[in-house]
Each structure stands twice: as structure tokens, then as C-alpha cells.
Amino acid sequence: MSLSLGEEQEELRLLVRTFLDDKATSHSPPLPGTGPQEYDGGLWRRLSGQLGLTGLAVPERFGGAGLGPAELGVAMEEMGRALFPSPFFATAVLAGQTLAHCGDEAAMERWLPDIVSGALTATLAAAEPDGSWETDPPATVAEREPDGWLLSGTKTYVVDGHTADLLLVTARCPDGVGLFGVPATAPGLTRTVLDALDPTRPLARIRLDATPATRIGTGDASGSLAAVRDLVRAALAAEQVGGAAACLDMAVGHAKTREQFGRPIGSFQAIKHKCAQLLVEVECARSAARFAGSVVGTPGTEAAIAAAVARSYCSEAFTHAAKENIQIHGGIGFTWEHCAHLYLRRAKSSELLFGTPREERARLARLTMAEGVPRP
């Protein structure tokens with residue numbers, strides 16, 4: 001299998017990179033104490049309406065491009081490179097892919113066209129108060145009333161949860177795990193921005209107190225949610241590759257121009273070794289992420305294994321690249337004014353968002369043992 005981009009995927013990559021190079025604001029870091037970096041509504045409308053990026057992996061019958069996780073990964077990699085502050089990950093990946101795989105035609109017709117057009121931002125609220133995205137059954141409870149469903153509980157680490165127009169919430173139902181749509185204006189809904197490490201990706205705590213909700217699909221949604229989690233893992237891994245590649249480019253660029261003792265610091269063997277090691281790690285991470293993106297469209301053990309490998313490796317590669325970038329920059333790399341620290345913040349935040357690399361490797365071990373894969 002070739003992991004190189006096809007002609008259309010390369011055109012997509014260049015389109016997204018050109019747009020972000022012109023518009024991205026990650027190199028104007030927010031000042032200390034100013035809270036999360038807000039996204040530009042005008043750029044969001046261009047990204048969704050003009051470029052159609054929010055509909056990349058949405059079926060054509062709902063206004064999307066009908067492409068797959070591989071193309072979504074191309075866009076995510078470029079956004080990770082720019083640290084572009086927008087609700088793309090929450091809306092197009094977390095919520096968009098959850099809806100696209102929910103099997104509920106009415107729900108898809110109701111919300112996906114607005115997600116594609118950019119008129120609606122959305123997110124997935126699945127993590128419980130303990131921070132786990134894998135809790136089964138969820139602690140949040142759904143109760144059936146004569147007039148509909150009511151949700152009660154707390155969700156944490158909800159990406160862009162404080163600004164999303166629609167929340168997709170997982171909750172415990174009599175027939176298993178249920179998925180529900182909750183509008184931002186629903187009564188009994190309280191949203192609080194968390195003091196997160198990464199100001200470019202806001203996280204929120206969601207409290208539901210007998211909050212009215214719309215049931216999405218029927219029966220236990222555990223299977224479809226598990227498949228969506230693998231799609232999300234692959235997309236986030238692609239974003240981490242973009243961030244790691246940006247750190248490598250910054251480090252190499254600085255090493256070429258910064259001089260000490262009358263010569264560029266890139267001529268010193270220690271710096272050469274750091275950059276060479278980062279290049280190997282970035283390319284390996286890119287291979288893992290692209291392979292995951294090529295297989296997660298078909299749910300199954302292969303998809304779950306590929307997603308776990310990609311998340312584990314790409315998480316550590318991005319964190320290492322971000323740390324080494326700061327070291328190679330020296331004193332300026334440790335200042336708030338330089339953007340290097342934002343990449344480290346994103347790296348650590350993404351590393352922990354859906355489970356640590358250690359947890360992903362434990363999951364990988366369970367999957368391979370279940371399949372009877374021989375140990376080396």
C-alpha cells in the first residue's frame with residue numbers, strides 16, 4: 001500500500017496550506033491570563049462555505065464532498081501545522097463523523113447540511129468527570145419522560161463546548177448507551193470554560209440538569225461510537241503530525257540562521273543529530289497516521305489497531321518535536337512571545353485528550369491478543 005498522497009489529495013493539501021498561510025494567527029500568541037484564543041467567525045465561514053472543508057467526509061446527499069478519513073487527515077495535518085484556532089476538529093471531526101455514522105437519517109438531515117455550510121458548530125460530549133472517553137456505561141443518565149428525554153450529569157474536556165451550537169451527548173439509557181442532541185440554548189444546560197493548558201483548543205465542562213434532549217438513533221450506540229473514536233484518533237494523529245512537522249521546520253530554520261562562535265548552530269553535531277532524529281520521527285509518524293486514515297473508514301480490528309498505533313506514536317513524536325524545538329531555539333524558545341510554547345501546549349494537550357500513549361499501547365495489546373497476533 002502506498003502512503004503517498006494522490007493527485008487530488010495533494011491539491012487539497014496545497015489548498016488548505018495556502019489558505020492557512022494567508023490567514024492563520026497562531027504566531028500572534030494570546031497574552032497570559034487572556035483565556036482561550038477565540039476563532040475568527042469570518043475565516044470560519046470561508047473555511048466551511050468557500051473551501052468546503054467541513055463537509056469533506058460528509059455524504060454528498062447532505063451537501064458534503066463524500067470523501068473519507070484520508071482526506072480529512074490531509075486537512076487536519078495542515079491545521080495542526082498552523083495551530084489554526086477554529087472549531088473544525090470539534091465540528092467536522094467529533095460531531096460531524098458521529099452524525100455521519102449514527103444511522104439516523106432524520107438526525108443527519110436535520111444537522112449535517114448546516115455543519116457542512118458552517119452555519120452550525122457542534123461538538124461531542126463523551127468524557128465523564130474522571131476524564132475517560134471510554135466509560136461504558138456513561139455516568140450521565142437519560143430518562144424517558146412523556147414529552148421526551150431528559151439528561152442529567154456532567155461531561156468534561158468537551159472541545160469547544162463553550163461555543164458550540166449543538167452538543168452531541170452520550171448517556172446511559174435502559175437499552176444501553178444512547179446518543180443525544182442538545183442545543184446550546186436548552187434549559188438546565190450549564191457550560192464552563194476550563195483552565196486548559198492549550199489556549200488554542202478550548203475545553204469546557206458541561207453540566208446537564210434535567211436537560212431536554214433529542215435521541216439520535218435507536219438501541220445501543222456503543223458500536224458506532226467505538227468506530228467513530230477510531231476515526232477521531234486517526235484524525236488527531238494526522239493533526240499531531242502537522243504540528244511535529246512545523247516544529248521541525250522551525251528548528252531547522254532557526255539552526256540555519258542563528259550563529260554562535262562565528263558559525264550557524266546547525267553546523268554543530270549535537271544540533272544536527274537532534275534535527276535528524278526529529279526528521280525520522282516525523283516521517284514515521286506521518287506513515288502511521290496516513291495508514292490509519294486509509295483503514296479507519298472500515299470499522300473493525302484492523303482499524304482499531306491502526307488508530308491505536310498512530311495515536312500512541314504520533315503523540316510522543318509531537319511532544320518530542322515540540323520540546324526539541326524549544327531547546328534548539330534556546331532562550332527565545334522559552335519566552336511567551338515566541339510561538340514555540342504553543343506547539344508544546346498543543347502537543348501535551350492532544351497527547352492526553354483521548355487517552356495517554358501508555359493507555360493506547362495497552363489497548364493495542366488487548367486488540368492484538370484478541371486477534372491472536374503472535375508476539376515477536
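**Close-up 1. Leu83, tucked into a loop.** Leu83 counts as buried, with a relative accessibility of 0% in this predicted model. You'll find Leu83 in the loop between α3 (69-82) and α4. Take a look at its backbone too: phi of Leu83 is near 50°, a positive value, and this residue is not a glycine.

**Close-up 2. Tyr157, another residue with positive phi.** Here we're in strand β3, which covers residues 148-159 and includes Tyr157. Phi of Tyr157 is near 50°, again positive in a residue other than glycine. Is Tyr157 buried or exposed? Neither label quite fits: at 37% relative accessibility, Tyr157 counts as partly exposed.

**Close-up 3. The largest nonpolar core, with Phe88 and Phe89.** How many residues does the largest nonpolar core have? The count is 57, and Phe88 and Phe89 are the ones with the most contacts inside this core. Helix α4 (residues 88-100) supplies the largest share of the core, eight residues. Now zoom in on Phe89 and skip anything up to four places away in sequence: Phe89 then touches Met76, Leu94, Val159, Arg201, Val232, Leu236, Leu353 and Phe354. Another core, of 18 residues, lies apart from the largest one, and its members include Ala171, Val182, Ala204 and Ala213.

**Close-up 4. Helices α7 and α8, side by side.** Helix α7 runs over residues 269-295 and helix α8 over residues 301-329. Their axes come within 8 Å and cross at roughly 155°. Why do we call this pair roughly antiparallel? Angles over 145 degrees get that label, so α7 and α8 are roughly antiparallel to each other. As for handedness, the crossing of α7 and α8 is left-handed.

**Close-up 5. Cys275 and Cys314, two cysteines without a disulfide.** A quick reminder: a disulfide is a covalent bond between the sulfur atoms of two cysteines. How many disulfides does the model have? The count comes to zero. To be counted, a pair of cysteine sulfur atoms has to be within 2.5 Å. The sulfur of Cys275 misses out because the closest cysteine sulfur, in Cys247, is 12 Å away, too far for a bond. Cys314 is in no disulfide either, with the nearest cysteine sulfur, that of Cys284, sitting 9.9 Å away. What about exposure? Cys275 is buried, with a relative accessible area of 13%, and Cys314 counts as buried at 1% relative accessibility.

Technical notes: Residues numbered from 1 in each chain as written. Predicted model: local features only at pLDDT ≥ 70, side-chain atom pairs only at ≥ 80, totals over all residues. Heavy atoms only, no water. Buried < 20%, exposed > 50% of the residue type's maximum accessible area, 1.4 Å probe, protein only. Core = buried A, V, L, I, M, F, W, Y, C linked by side-chain atoms within 4.5 Å. Helix = DSSP H or I, 4+ residues; strand = E, 2+ residues; numbered from the N terminus. Contact = heavy atoms within 4.5 Å. Axes fitted to C-alpha atoms, helices over the stretch in contact; angles between N-to-C directions. Parallel < 35°, antiparallel > 145°, perpendicular 65-115°, else oblique. Left-handed = near helix turned anticlockwise from the far one by under 90°.
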